[in-house]
Amino acid sequence: MCRSIKTLRPPVLAEEATEEEIRAAALQYVRKVSGFRAPAAHNREVFERAVEAIAEATAELLDGLEVRGAGVRQAG
């Protein structure tokens with residue numbers, strides 16, 4: 001779907017994903033789903049709320065994932 005969104009968990013990513021990487025992935029997702037690279041002024045607020053909600057959900061997901069075979073549990 002969104003080829004520019006990269007995997008944000010070990011061992012694919014050597015270290016824990018940064019807040020910036022998580023937000024960038026959320027932004028790419030919202031852009032793809034909405035069809036807008038940058039929202040018009042009247043859609044900016046809802047666009048930004050969606051990015052923030054998806055970034056929070058992504059951080060929660062990454063924090064809760066247990067990667068088997070890597071001997072590492074994601075910590076937040």
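1. Helix crossing. In this predicted model, α1 and α2 meet in a right-handed crossing. Their axes cross at roughly 130 degrees and come within 8 Å. An angle that is neither under 35 nor over 145 degrees, and lies outside 65 to 115, counts as oblique; α1 and α2 are therefore oblique to each other.

2. Residues at the crossing. On the α1 side, the contact is made by Ile22, Arg23, Ala26, Leu27, Tyr29, Val30, Arg31 and Ser34. On the α2 side, the residues involved are Phe47, Glu48, Ala50, Val51, Glu52, Ile54, Ala55, Thr58, Ala59 and Leu62.

3. Nonpolar core. The largest nonpolar core comprises 12 residues, among them Leu8, Leu13, Ala17 and Ala25. Two or more residues of this core come from each of α1 (19-34) and α2 (44-64), and α1 provides the largest share, 5 residues. Ile22, Ala26, Leu27 and Val30 belong to the core and also take part in the helix contact from α1. From α2, Phe47, Val51, Ala55 and Leu62 likewise appear both in the core and in the contact.

4. Overall architecture. The chain contains 2 helices and 2 strands, arranged along the sequence in the pattern α-α-β-β. Of contacts between residues at least 6 apart in sequence, 54% link residues at least 24 apart.

5. Burial and surface. The chain has 76 residues, of which 22% are buried. The exposed area of the chain is about 5,700 Å², with 52% of it supplied by carbon and sulfur atoms.

Key
Residues numbered from 1 in each chain as written. Predicted model: local features only at pLDDT ≥ 70, side-chain atom pairs only at ≥ 80, totals over all residues. Heavy atoms only, no water. Core = buried A, V, L, I, M, F, W, Y, C linked by side-chain atoms within 4.5 Å. Buried < 20%, exposed > 50% of the residue type's maximum accessible area, 1.4 Å probe, protein only. Helix = DSSP H or I, 4+ residues; strand = E, 2+ residues; numbered from the N terminus. Contact = heavy atoms within 4.5 Å. Areas by Shrake-Rupley, 256 points an atom, 1.4 Å probe, with all protein chains shown as cover. Axes fitted to C-alpha atoms, helices over the stretch in contact; angles between N-to-C directions. Left-handed = near helix turned anticlockwise from the far one by under 90°.
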